[in-house]
Amino acid sequence: MSRSAPRRGLAGKVPLPRGVWGDGSPREKKHGGSGGDSPPETVLRTAKLVKEYRADGVTVEAIRGVDIKLAAGEFVAIMGPSGSGKSTLLHVLGGLEPATSGEIWLLGERVDGLSTAGWAILRRRHVGFVFQFFNLLSNMTVADNVELPALLAGATPRQARRRREELLAELGIADKAGTAPARLSGGEQQRVALARALANEPSLLLADEPTGNLDSSNTRDVLRLLRRAHADGQAILMVTHDARVASMADRVINLFDGMVADDAKVVPIPRRVNGVADIVELRG
Ligand code: ADP
């Protein structure tokens with residue numbers, strides 16, 4: 001796939017901002033930084049990332065020293081048993097919860113020390129989220145929900161509308177544009193959340209089981225859209241329990257007890273005549 005393909009700007013017109021901040025914050029020169037003309041090779045990197053929760057004098061180590069790296073345009077699935085830290089990792093990487101220690105580098109800049117407001121700006125510009133708690137604004141229509149992130153990222157109203165029409169059509173919910181999210185089914189809300197997350201063509205999409213509530217036909221629509229985002233050069237980090245969904249990824253990271261137990265490339269096995277399909281082989 002187009003692992004290091006330059007990203008189209010929003011709707012092909014709005015260029016990607018050159019740096020996360022452009023303010024001299026720490027840069028990772030060896031990865032190309034983000035001030036150069038070409039996109040950085042590494043979109044996301046963590047070093048010794050730790051997240052502990054403390055409650056009633058008890059400490060739970062949800063993430064215990066995670067080192068991961070995502071190249072521009074790379075699609076990585078995160079798997080692992082319940083309680084292994086998958087959702088926590090995504091929350092910390094998106095700045096929804098602070099890391100206890102360790103480093104997070106996004107687009108060549110260190111971001112783990114950002115304030116809540118700093119994270120909000122960063123997400124608006126560079127990171128799309130699809131979480132099970134859909135994060136849709138209930139007092140807006142589906143159309144407004146999807147157009148808003150694009151407008152906030154600097155698209156013109158016309159560009160935002162075009163992008164919204166394209167995304168909703170791809171997901172088979174174009175007819176829901178004027179509806180309030182509360183009047184949609186769980187699966188429809190999930191697809192609107194995905195459209196919203198992709199509206200500003202983020203460099204990184206963080207998705208927590210984006211197909212969790214969907215039937216097989218809607219799952220296909222979502223996967224087709226993710227494949228397209230991937231082909232457009234967006235990096236995707238996606239938690240899934242579904243091996244068929246993971247088989248679309250370039251790599252699968254397995255978490256166990258808050259640590260990376262396995263990080264391996266996906267080697268798809270060609271469909272066989274006897275109908276055995278969608279088998280994933282992992283090579284470390
Ligand atoms: P997964 O997504 O793999 O199911 P989680 O990231 O939800 O795992 O949880 C990892 C560990 O952290 C679990 O032991 C869970 O109970 C704990 N945990 C998650 N969120 C919190 C929280 N807000 N407070 C305390 N413990 C938490």
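Which element gives the most to the shell around the ligand? Helix H1 does, with three residues. The model on screen is a predicted one, and the tour begins at this shell.

**First stop: the ligand**

Select Tyr53, Ala55, Val60, Ala62, Gly80, Ser82, Gly83, Ser84, Gly85, Lys86, Ser87 and Thr88, which are the residues around the ligand. Two or more of these residues come from each of strand E1 (42-55), strand E2 (58-66) and helix H1 (86-93). By character, the shell divides into four nonpolar residues, seven polar and one charged.

Next, select the whole of helix H1. Seven of its eight residues are buried, so the helix is largely enclosed by the rest of the structure. The buried residues are Lys86, Thr88, Leu89, Leu90, His91, Val92 and Leu93. Just after H1, pause at Gly95, which takes a positive phi of about 75°.

**Second stop: two residues with positive phi**

Most residues other than glycine have a negative phi. Select Lys48 in strand E1, where phi is near 50°, a positive value in a residue other than glycine. Then select Leu107, in the loop between strand E5 (101-106) and strand E6 (109-110); its phi is likewise positive, near 50°.

Is Leu107 buried or exposed? Leu107 has 31 C-beta neighbours inside 10 Å and therefore counts as buried. Lys48, by contrast, is exposed, with 12 other C-beta atoms within 10 Å.

**Third stop: strand E8 and its partners**

Select residues 204-208, which form strand E8; five of its five residues are buried. Leu204, Leu206 and Asp208 point one way from the strand, while Leu205 and Ala207 point the other way.

Now add the strands paired with E8. Strand E7 (residues 127-130) runs parallel to E8 and is joined to it by four bridges; within this pairing, Phe129 has Leu206 as its bridge partner. Strand E9 (residues 235-239) is also parallel to E8, with five bridges between them, and there Ala207 stands opposite Met238. Add helix H6 (residues 216-231) to the selection: E8, H6 and E9 make a right-handed β-α-β unit.

**Fourth stop: helix H5**

Select residues 186-198, the 13 residues of helix H5. From its first C-alpha to its last, H5 reaches 19 Å, close to the 18 Å expected at 1.5 Å a residue. Why is H5 described as largely enclosed by the rest of the structure? The reason is that eleven of its 13 residues are buried. Among them are Glu188, Arg191, Val192, Ala195 and Arg196. To view the surroundings, display E7, helix H3 (142-152), helix H4 (157-170), E8 and H6, against which the buried residues of H5 pack.

**Last stop: Val146**

Within helix H3, select Val146. Val146 counts as buried because it has 30 C-beta neighbours inside 10 Å. Which residues is Val146 in contact with, leaving aside its neighbours within four places in sequence? They are Arg164, Leu167, Leu168, Val192, Ala195, Arg196 and Ala199. Finally, draw a line from the C-alpha of Val146 to that of Ala177: the two residues are 31 residues apart in sequence and 9.1 Å apart in space.

Key. Residues numbered from 1 in each chain as written. Predicted model: local features only at pLDDT ≥ 70, side-chain atom pairs only at ≥ 80, totals over all residues. Buried ≥ 20, exposed ≤ 12 C-beta atoms within 10 Å, placed from the backbone. Pairing = 2+ DSSP bridges. Right-handed = clockwise from strand over helix to strand, strands pointing away. Near = placed C-beta within 6 Å. Nonpolar A, V, L, I, M, F, W, Y, C, P; charged D, E, K, R; others polar. Expected span 1.5 Å × (residues − 1). Contact = placed C-beta atoms within 7 Å.
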